[in-house]
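The report that follows takes up burial, residue contacts and helix packing in turn. Please keep the sequence and the coordinates at hand while reading.

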Amino acid sequence: MNDRLRRLVLTVALVLTAPLVVGTGTAAAAPGAACAAGTTVAKTAAAPAIKVWMAGDSTMADPKSTCPVGWGSRFDRLFTDDVTVVNKAVAGRSVQTWLYESNVTGQKDSAGECVVNPKTYAQRWLDMLDPVQGMHAGDYLVVQFGINDGDPNCPRHVGRARYQSLLTTMAKAARDRGAHPILLTPVAAITCSGSTAVGNRGFLTETAAAGTATGSPVIDLHKLSYTLYNTLKLCPNNGDYTQGAVGAFFCNDHTHFEAAGADKIAGVVAKALRDQKIPLASYLR
């Protein structure tokens, strides 16, 4: 084959193979497109479910009868299916008896605080602290005490300094696990001064101080609740909690809630989440 013919053959060969080179370049781009598609899938995947853990007293607890009904038992229905509420509130507990249960004795120390012996936690708190089944990153811990804590007698009695310390301990434990604590002042009972519902609970400044110490949001449920009572015109009343608007809200006392009252208190807390721009609000229906 002479040189002229050889050059002609080579030129034809190059022309014929050129589309294959372009095709190879296009194919090389495909893996990048696949990665982009994978990124899109990752971004649109459903957010992981979270748990809202609740610690408190009878005004928060799940009901064991038609009345009282704790507002915590009405909380779950306010959230999307991404949220599971785990209500560990127990009737009759102060923050200390909730944490230490039967280890709080009937004796006071020199500082006037109930002696705790041994200082081992109750199972309900150990369950929340469990590294597998307990609080995880992204979860929330909602804490509301301050009603039974004012009892002058042990085992429920808790002094102001210890109350703040125990709330701080709970909030820090949640944060250590990547969970988000939310502290609530105690919900108000219905106390009237003429036609006005007024505050009647303690431990308000201590709750706020624990929130500041741990960088935790504080919902002033005490003020929000008696403000609600005024909106509903529950004062004045004749003290008969079996009739009228006050009877529909409260059990036959001035403290515990009928189901309708519990619903309204849960709604007040949900509104506070939104108003205070607490991130848990993004899961509300």
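Is threonine 97 buried or exposed? In this predicted model, threonine 97 has a relative accessible area of 6%, and because buried means under 20% relative accessible area, threonine 97 counts as buried. Threonine 97 is placed in helix H2, which spans residues 95-100, and a polar atom of the side chain of threonine 97 lies 2.8 Å from the backbone nitrogen of serine 94. When neighbours within four places in sequence are left aside, the residues in contact with threonine 97 are Gly92, Val104, Arg124, Pro155 and Arg156.

A second site can be described along similar lines. Glycine 146 belongs to the loop between strand S5 (140-144) and helix H4 (160-176), and with a relative accessibility of 4% glycine 146 is likewise counted as buried. Its C-alpha atom is separated by 7.5 Å from that of valine 95, although glycine 146 and valine 95 are 51 residues apart along the chain. The contacts of glycine 146, again without the neighbours within four places in sequence, are with Tyr163, Pro186, Gly202 and Phe203.

The two buried residues are set out below.

| Residue | Place | Relative accessible area |
|---|---|---|
| Threonine 97 | helix H2 (residues 95-100) | 6% |
| Glycine 146 | loop between strand S5 (140-144) and helix H4 (160-176) | 4% |

How do the axes of H4 and H5 lie with respect to each other, in angle and in distance? Two packed helices are described by the angle between their axes and by the distance between those axes. For H4 and helix H5 (residues 204-214), the angle is about 35° and the axes are 9 Å apart, while the crossing in which H4 passes H5 is right-handed. On the side of H4 the contact is made by Arg160, Tyr163, Gln164, Leu167, Thr168, Ala171, Lys172 and Arg175, and on the side of H5 by Glu206, Thr207, Ala209, Ala210 and Thr214. Sorted by class, this contact of H4 with H5 holds 5 nonpolar, 4 polar and 4 charged residues. Tyr163, which is part of that contact on H4, is also one of the residues in contact with glycine 146.

Turning to the whole chain, the protein has 8 helices and 9 strands, and 41% of its 285 residues count as buried. Among the contacts in the protein with a separation of 6 or more, 70% are accounted for by residues 24 or more positions apart. The accessible surface of the protein comes to about 14500 Å², and 58% of that surface belongs to carbon and sulfur atoms.

Terms used
Residues are numbered from 1 along each chain as its sequence is written. This is a predicted model: local features need pLDDT of at least 70, side-chain atom pairs count only at pLDDT 80 or more; totals for chains, interfaces and linings use all residues. Side-chain values use heavy atoms; hydrogens and water are left out. Helices (H or I, at least four residues) and strands (E, at least two) are DSSP runs, numbered from the N terminus. Buried means under 20% relative accessible area, exposed over 50%, partly exposed in between (1.4 Å probe, protein chains only). A polar contact is a pair of N or O atoms within 3.5 Å; within protein, one must be able to donate a hydrogen and the other to accept it, and residues adjacent in sequence count only if both atoms are side-chain atoms. Contact means heavy atoms within 4.5 Å. Axes are lines fitted to C-alpha atoms, for helices over the stretch in contact, and angles run from 0 to 180 degrees between N-to-C directions. A crossing is left-handed if the near helix is turned anticlockwise from the far one by less than a right angle, and right-handed if clockwise. Ala, Val, Leu, Ile, Met, Phe, Trp, Tyr, Cys and Pro count as nonpolar, Asp, Glu, Lys and Arg as charged, and the others, Gly among them, as polar. Accessible areas come from the Shrake-Rupley method with a 1.4 Å probe; for residues, only the protein chains shown count as cover.
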